[in-house]
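Biologist: I would like to learn how to read strands, helices and cores in a model. Please take me through them one at a time.

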Amino acid sequence: MAPRKFFIGGNWKCNGTSDDVKKIVTVLNEAEVPSEDVVEVVVSPPFVFLQQVKGLLRPDFSVAAQNCWVRKGGAFTGEISAEMLANLQVPWVILGHSERRALLAESNDFVADKVAYALSQGLKVIACIGETLEQREAGTTMDVVAAQTKAIAEKISDWTNVVLAYEPVWAIGTGKVATPAQAQEVHDGLRKWLHSNVSPAVAESTRIIYGGSVNGGNCKELAAQPDVDGFLVGGASLKPEFVDIIKSATVKSSS
């Protein structure tokens with residue numbers, strides 16, 4: 001089976017102006033990074049900047065939306081449908097980010113329905129899972145992420161276009177990063193869960209990426225873990241160090 005291609009996602013969250021976007025994209029366009037056969041790079045600007053970024057961004061990088069609606073469009077004021085993203089040729093969407101689970105009360109089942117619907121419309125999905133600090137301290141990390149993954153597994157049959165993003169909530173934007181060993185332990189647990197509950201082939205081929213205070217300083221050590229297949233980067237994706245994080249893909253390709 002082909003090795004899993006390293007995946008780097010940049011989640012810009014609710015940040016930026018039109019000028020900021022131009023600056024960030026210029027930095028990315030001028031960067032010397034490993035080739036497409038070594039790393040897949042996807043950046044996720046806010047909806048209002050998707051067209052602008054798509055129009056300016058180098059062809060070897062893709063764009064992702066940060067969310068979409070759970071079913072066909074219609075009388076859902078303020079929502080963006082998967083059909084609209086497909087129509088604009090936005091290939092990827094991030095779903096189930098912990099900020100949405102927490103702030104907008106998106107449940108495991110709601111996120112799973114979103115994942116299934118987005119896939120049905122031809123989008124590729126970065127599906128986010130992860131435990132809170134309370135859950136980690138209570139020792140329920142694997143139960144929590146398994147339940148989040150199970151909800152998705154019950155609604156989809158084809159995992160080809162899914163990247164699973166493990167983001168411990170306590171590490172997002174806090175400066176606390178999971179140690180490489182902590183990240184590897186959960187990624188390994190998730191791969192074993194997929195092996196037992198979906199299929200060995202899906203477990204082997206599905207990329208499981210890490211998110212949570214990833215930066216230029218810690219990315220190489222995290223990338224060296226056997227079951228860490230890339231990163232979903234938050235704050236650092238708005239800075240030039242995002243380029244250093246992309247370059248950490250070579251840790252895998254040279255091993």
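Modeller: What follows goes from the strands to two helices, then to the cores and to single residues. This is a predicted model, in which local features need pLDDT of at least 70 and side-chain atom pairs count only at pLDDT 80 or more, while totals for chains, interfaces and linings use all residues. Residues are numbered from 1 along each chain as its sequence is written, and side-chain values use heavy atoms, with hydrogens and water left out.

Biologist: How many residues of strand E1 are buried?

Modeller: Strands (E, at least two residues) and helices (H or I, at least four) are DSSP runs, numbered from the N terminus. Buried means under 20% relative accessible area, exposed means over 50%, and partly exposed lies in between, with a 1.4 Å probe and protein chains only. In strand E1 (residues 6-11), 6 of the 6 residues are buried, so the strand is largely enclosed by the rest of the structure. One side has Phe6, Ile8 and Gly10, and the other has Phe7, Gly9 and Asn11.

Biologist: Which residue of E2 does Gly10 stand opposite?

Modeller: Two strands pair if DSSP finds at least two bridges between them. E1 and E2 run parallel and are joined by 6 bridges, with Gly10 opposite Val43 in E2. E2 also pairs with E3 in the parallel sense, over 3 bridges, and there Val43 stands opposite Val63. Of the 5 residues of E3, 4 are buried.

Biologist: Next, the helices. What span does helix H1 reach, and which of its residues are buried?

Modeller: The expected span of a helix is 1.5 Å times one less than its number of residues. H1 (residues 18-30) has 13 residues and reaches 19 Å from its first C-alpha to its last, close to the expected 18 Å. Its buried residues are Val21, Ile24, Val25 and Leu28. Seen down the axis of H1, they fall within an arc of 95° (taken from the directions from the helix axis to the C-beta atoms), so they line one face of the helix. The face turned away from that side carries exposed Lys23 and Glu30.

Biologist: Against which elements do the buried residues of H1 pack?

Modeller: Packing is read from contacts, meaning heavy atoms within 4.5 Å. The partners of H1 are strand E2 (39-44), helix H2 (50-56), strand E3 (61-65) and helix H11 (241-247).

Biologist: Which helix gives the most to the largest nonpolar core?

Modeller: A nonpolar core is a set of buried Ala, Val, Leu, Ile, Met, Phe, Trp, Tyr and Cys residues joined through side-chain atoms within 4.5 Å. The largest one has 70 residues, and those with the most contacts inside it are Ile8, Val53, Val93, Val115, Tyr210 and Phe231. Helix H5 (residues 108-120) gives the most to this core, with 6 residues. A second, separate core of 11 residues includes Ile126, Cys128, Val163 and Ile209.

Biologist: What follows H5 in the chain?

Modeller: Gly122 does, and its phi is positive, near 90°. The buried residues of H5 include Val111, Val115 and Leu119.

Biologist: One polar residue to finish: is Arg207 buried or exposed?

Modeller: Arg207 is buried, with a relative accessible area of 13%. Its place is in the loop between helix H9 (200-205) and strand E7 (208-211). The side chain of Arg207 reaches the backbone oxygen of Lys5 at 3.2 Å. Leaving aside neighbours within four places in sequence, the contacts of Arg207 include Glu40, Trp92 and Asp229.

Conventions: A polar contact is a pair of N or O atoms within 3.5 Å; within protein, one must be able to donate a hydrogen and the other to accept it, and residues adjacent in sequence count only if both atoms are side-chain atoms.
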